[in-house]
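Please open the model in your viewer and keep the sequence panel beside it, since each stop below begins with something to select.

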Amino acid sequence: MECPINPAELQKLKVFIDLCQTTPQLLNLPQLNFLKSFIESLGGKVPGGQPDLADMMGGQKATSGGASGAASEEPQTKPSTATAPESDSESDLELDNEGCVEPDTEPDQPMGVAEKEPTEEEFDQANDLRSQAAAAYSEQKYDEAVKLFAEAIQLNPKSALYYAKRGQSYLKLQKPNACIRDCNRALEINPDSATAYKFRGRANRLLGRWEDAAKDLRQACKLDFDEEADEWLKEVTPNAKKIEQHKQKQERRRQEREFRERQERVRLAQEANRKAAEEGAGAGAGGAPNAGGGMPFGDDSAEDLMNAFRDPEMTAAMSDIFSNPANISKYQNNPKIMSVLMKLYSKGLGGGIPGFPGFNGGAGGFPNFGGSDGGAGASAGA
């Protein structure tokens, strides 16, 4: 089934949709309220605000100002050479990575059985092991502290504090990834563990993950303010802010590049629409006397039209068009066919065909135009 809308009108609709994608605020204009209501009825959302019509017109003039092909290509080449290096460049991002360490790659530490429910005796034993681990840590025996916390975790894997404290011991051993694994488990058990956020933030800082570090340390201070965590937060904030600003800059450049590309697509669509309109007008005007096949329309006599319909090509084309008016689009570039349609139109016989009001659906009186009862065939035989 063919679309009932004329191809030329479809092209105009496409250009309008491209323009709305570039500047969706256009739909807030009172004249387009019906379209906005339709979009919202389908669950869509139109951004608020009014379009900058002056800026839009200025952009269109800037892109279509050149008459030559070289001038029209210039807007396409300039943005790519100006933005491509900027979007990928990291040269403007200078970070202070002092104090970072190489990531540890040892196998994952034992985490205990998460579903285990410790008995009262196991609970007491785990507490005793935790005390021993804390003592070992204070004596800077960090390997021993890790081992004792691991034993406590096997007895009582439900304690978020055991994991967070073992993570702290891993930090002293310059094993930030092991620390992060322990803190992740601690936060699974207790999402509000300020201790786990604090040590995971410090581990991220050692790995140079400045944004993650700032986020964790900020959350630790929010849950339970700690001077050490606050000091660590101040340490990572400059680098984290630089990265955030750099990402914002990259995103802004990406959006600007996409906007320019959308503008260029709109310009190309408008240019294509203009050329299609010119070619269509040329096809219609090309049906002047003797165009494309020597149709002798020296006057508007019915005899000239009768002669035209004796042409087998003309008969087949008119039969096709009259059977389905939308088929006129097939012949828009055929001056001979279009010239006859224009003559029909000038005589008020073109209704029923898009753009040819007045045609009554038949072609009576035109010989060799076979078809329906009372049509050309019947008139020819009359």
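The tour starts with the whole chain and then goes through several helices and the contacts between them.

**The whole chain**

Begin with everything shown as a cartoon, and keep in mind throughout that this is a predicted model. The chain contains 16 helices and zero strands, and 36% of its 382 residues count as buried. If you display contacts between residues with a separation of 6 or more, 58% of them join residues that are 24 or more positions apart.

**Helices α5 and α6**

Select residues 120-138, which form helix α5, together with residues 142-155, which form helix α6; their axes come within 8 Å and cross at roughly 170°. An angle over 145 degrees counts as roughly antiparallel, and α5 is therefore roughly antiparallel to α6. To see the contact itself, show side chains on both helices: on the α5 side the residues include L129, R130 and Y137, while on the α6 side L148, F149 and L155 are among them. Coloured by class, the residues of this contact divide into 12 nonpolar, two polar and four charged.

**N156, in the loop after α6**

Move next to N156, which sits in the loop between α6 and α7, the latter being residues 160-172. Is N156 buried or exposed? Its relative accessibility is 3%, and N156 therefore counts as buried. Once neighbours within four places in sequence are set aside, the residues in contact with N156 are P118, F123, A126 and Y162. You can also draw a distance from N156 to N127, a residue 29 positions away along the chain, and the two C-alpha atoms will be 8.9 Å apart.

**Helix α7 and its cover**

Now select α7 as a whole, which has 13 residues and reaches 19 Å from its first C-alpha to its last, close to the 18 Å expected at 1.5 Å a residue. This helix is mostly covered, with 10 of its 13 residues buried; among those buried are Y162, Y163, R166, Q168 and Y170. What lies over the buried residues of α7? The cover includes α5, α6, α8 (residues 176-189) and α9, so it is useful to keep those helices visible as you turn the view. Following α7 you come to Q174, whose phi is positive, near 60°.

**Helices α7 and α8**

Keep α7 selected and add α8, whose axis comes within 8 Å of the axis of α7 and crosses it at roughly 165°. The two helices are therefore roughly antiparallel to each other, and their crossing is left-handed. On α7 the contact is made by A160, Y163, A164, R166, G167, Y170 and L171, and on α8 by A178, C179, D182, R185, A186 and I189. By class, this contact has nine nonpolar, one polar and three charged residues.

**Helix α9**

Select residues 194-206 for helix α9, which has 13 residues and reaches 19 Å from its first C-alpha to its last, close to the expected 18 Å. This helix is mostly covered, since 12 of its 13 residues count as buried, and the buried residues include the charged K198, R200, R202 and R205. Following α9 is G208, whose phi is positive, near 75°.

**Helices α9 and α10**

Add residues 210-223, helix α10, which packs against α9 at an angle of about 160° with the axes 8 Å apart. The pair are therefore roughly antiparallel to each other, and α9 passes α10 in a left-handed crossing. Among the residues that meet here are Y197, R200 and N204 from α9, with W210, D216 and L217 from α10. The residues of this contact divide into seven nonpolar, three polar and six charged.

With α10 still selected, compare its length with expectation: its 14 residues should span 20 Å at 1.5 Å a residue, and its end C-alpha atoms are 20 Å apart, which agrees. The buried residues of α10 are W210, A213, A214, D216, L217, A220 and C221.

**N239, in helix α11**

For the last stop, select N239, which lies in helix α11, residues 227-285. At 5% relative accessibility, N239 counts as buried. Which residues is N239 in contact with, leaving aside its neighbours within four places in sequence? They are L95, D96 and W210, and W210 is also one of the α10 residues in the contact with α9.

Methods. Residues are numbered from 1 along each chain as its sequence is written. This is a predicted model: local features need pLDDT of at least 70, side-chain atom pairs count only at pLDDT 80 or more; totals for chains, interfaces and linings use all residues. Side-chain values use heavy atoms; hydrogens and water are left out. Axes are lines fitted to C-alpha atoms, for helices over the stretch in contact, and angles run from 0 to 180 degrees between N-to-C directions. Helices (H or I, at least four residues) and strands (E, at least two) are DSSP runs, numbered from the N terminus. Angles under 35 degrees count as roughly parallel, over 145 as roughly antiparallel, 65 to 115 as roughly perpendicular and the rest as oblique. A crossing is left-handed if the near helix is turned anticlockwise from the far one by less than a right angle, and right-handed if clockwise. Contact means heavy atoms within 4.5 Å. The expected span of a helix is 1.5 Å times one less than its number of residues. Buried means under 20% relative accessible area, exposed over 50%, partly exposed in between (1.4 Å probe, protein chains only).
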